[in-house]
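Me: I should like to learn how features of a structure are read. Please guide me through a few of them.

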Amino acid sequence: MSTQRFGERVPRLNDAKLLRGQGCYVDDVPLPGAYHAVFLRSPFARARILSIDASAAREHPSVAAVYTCDDLGPLDQPLPMLSPHPAIIAARTQRPLARDEVFHVGQTVAMVIAVDRYTAEDALRLIDADYEPLPVTVDLASAAAPGAHPVHPDLTDNIVGHFAQRSGDPDGAFAKAEHVTSLRVRMDRSTAAPIETRAIAARWEAATGELTVWDTTQAPISIRDGLASILGLEENKLRVIAPDVGGGFGQKVMLFYPEEILVPWAAMRLARPVKYVEDRTENFIGSSQERTQIHEIQLAATKDGTVIGLKDSFLHDSGAFAPYGIEVPRVSASAIAGPYRIPNVDVEFKAIYTPTVPVTPFRGSGRPHACFALERAMDQLADELGLDRFELRRRNLIGPDEFPYVREGLKYVDDGTITYDSGQYPKALAMIEEAIDLERFRREKDAAAKEGRYLGLGLAFYMECTGLGPYDGCRIRVHPATGKVSVNTGLASQGQGHETVFAQIAADRLGVPIEDVIVAQGDTAAFDRGGGSHSSRSAVVGGNAVHKAAVRVRAQILETAARLMAVPEESLELADGRVTVKGANRFMTLAEIAIAANPLSSPFDRPAEVVSQYGTAGQELVTVGEGRAPGIEASAYYSPSASPWAYGVHAAIVEVDPDLCSIAFKRYLSVHDCGKMINPTIVEGQMIGGIAQGIGGAFYERLDYDEDGIITNASFMEFLMPYATEVPKIEIMHLETPSPANPLGIKGAGEAGTIAVPAVVASAVEDALKPLGVGRFHHAPLSPNMIFEAITRARAKAGG
């Protein structure tokens, strides 16, 4: 009897290959005779390009080509905006290679193609580019103010767009509020810093007119579709492969980076393979970033702590261009009320151009900002009203009997009204409160204080809309030679464990051992329709597509076996790779069923022998009657009618050293609800990885732009990231509240771990330093210098 795999801790199927160094990344793809590409990038945030003299580089004997914007022909135009919206006032996107002006340090200006990377880099230095630097306004608040230097010369200000939405009567709520808390919070710029930088390689087959592209993208189908249009190719002549990819985190889903267009284009022009691998510095200055927002948030409440209204006005830093429009700040706006029963909400933002690297979604995508603003406000409200932080939240959490909970007037980025599908928010809070053991913590805190040590407790809830549409698909086929099952999906993995969870879903439905399921992904030749891996959507949308296809294949198996064995389908059971007649010693293997179902099976698959065993039934089957398809195979697409909302609550106990201004985690706890878990181990891996990345965003990872728009810490020597020794053991507790929004009852988990961490850390540090009279921390990431300045101010005030 086959074991139920859904919900079990099945070991990840792809890990052995990767741990043995047997993975294949873009740079590992064998491309004999390949040229190598490098890019000249702007050294200025804003400048006019006075001239580009590439003659010396072109004369280099090992250089195949040098391209500037003048060489690109029809490609020399702004790239399309991916997410248009009526609230966008001034849409600006970059060209593949800059023309006339540059808009951020790192913008691509010219491309050199040579016999190897070393030669290409040498030739790059032979290009003489002359610039006239222009004045810049880099700081977000200053760039939004009147009189700021416009990033784009045809604009009079830096406003990308202005968006507003309301729910209920926020003005009325604030008018009758018994208490209003107000604060300003800021989250700074950061970057994904994946272990593998971006890379792309392309090979053109002139004889067949076929182009193959290997790309570190999270969305190979979107790349294929876009390149086909840009390069004038039929889709069936263009194959895009995302092989093993070393991390994405949103940075590798931007459409399009200039290199993703220019490398395939050059391969076609030169009729030779071309490869480009980004170096680490280029990743800092040429790959998209995220995070900077400034929120002015207010909560209106009654004296007993019931929050009756929320107003939030914020600025969002879009960088120099807006390829995703206002998608990131719209996510922030959709998440600003969190899990709380706040009936009246007013949220508005302005997205602002700055002369910096463009901003696109990065793990969390706008949610950490909203969570930081809301949870810092909830802590401040609790303090001002003299209430316990847990109790304030408990009084305002949406109850389990209130679902579906609709926030009329507030919309998500898919323009659907925000509707929370299911959850147990009060239970999640109770679980983490019990796990912390507040009385024990207070005793430990008092004991530490007597020793001159400072312990603090941080707390924050988060929400995440997951499973973004519009659709994804899957094709499942039973192989006649082996009986193994192939599961082909258009998604691509960057470490999420798709190979395992999709195999678990298919194995359960088809009654086969999990090792007999072969998952193919990240290759448009395997499946060529779908939306890519991002937005915590793969398991929800792709997993339900696998489920639908597997249900259809199961029906084909049982129908075919019933006809062949002349028994009712109800008398059959499917398990262990074969169909058995209940209570009888009669069975067929899946391989035999697949052979019998295809009249053109290979002679080596013994079709005649198999069919002849079943006489007339077998002969009728292989004629492939009307409405039937040969073999055992089915495709299915899943389009979510509603998005499931994952949620959770985090808490941390930290110790702050007031002399070193450092923090040390004593405990980190997480309660998470992503609906029914396909594989708890993989969920926990996502949570731990997300929390580790969140710790980076809470205390370490900040990109420092100077007043000229230059990143001063664009290397791993200066850009701080937490070591494994600085990430504590994560205590994870699960809730499983099935989502009614999809057949499998699941919710996404890919970004959840990251969202609450900055708010938790700020809350904990603030709590630890209260005995010193230190004020509030409303800035993320924190830093030792911020802690030092806060302690210094508190001591000066106490002494003055």
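The dialogue below takes up a charged residue, a helix and the cavities.

Reply: This is a predicted model, in which local features need pLDDT of at least 70, side-chain atom pairs count only at pLDDT 80 or more, and totals for chains, interfaces and linings use all residues. Residues are numbered from 1 along each chain as its sequence is written, and side-chain values use heavy atoms, with hydrogens and water left out.

Me: Which side chain of opposite charge is nearest to Glu-464?

Reply: Lys and Arg count as positive and Asp and Glu as negative, while His and the chain ends are not counted. A salt bridge requires a side-chain nitrogen of Lys or Arg within 4 Å of a carboxyl oxygen of Asp or Glu. Glu-464 is buried (under 20% relative accessible area, 1.4 Å probe, protein chains only) and has no salt bridge; the nearest side chain of opposite charge is Arg-367, 4.3 Å away.

Me: Which residue's side chain does Glu-464 join through a polar contact of 2.5 Å?

Reply: The partner is Ser-536. Such a contact is a pair of N or O atoms within 3.5 Å; within protein, one must be able to donate a hydrogen and the other to accept it, and residues adjacent in sequence count only if both atoms are side-chain atoms.

Me: How many residues of helix α9 are buried?

Reply: Helices are DSSP runs (H or I, at least four residues), numbered from the N terminus. In α9 (residues 327–335), nine of the nine residues are buried, so the helix is largely enclosed by the rest of the structure. Among them are Glu-327 and Arg-330.

Me: How is empty space found?

Reply: Rolling a probe the size of a water molecule over the atoms shows where empty space is left. A cavity is a set of points, on a 1 Å grid over the protein atoms alone, where a 1.4 Å probe fits but cannot get out; lining residues have an atom within 4 Å of a point. Here there are seven cavities of 30 Å³ or more. The largest cavity is lined by 13 residues, and helix α19 (residues 680–700) gives the largest share of that lining, three residues.

Key
Buried < 20%, exposed > 50% of the residue type's maximum accessible area, 1.4 Å probe, protein only. 1 Å grid on protein atoms, 1.4 Å probe; cavity = no way out; pocket = protein on both sides within 12 Å on 5 of 7 lines; lining within 4 Å. Points joined across faces, edges and corners; volume = space filled by probe spheres on them. Helix = DSSP H or I, 4+ residues; strand = E, 2+ residues; numbered from the N terminus.
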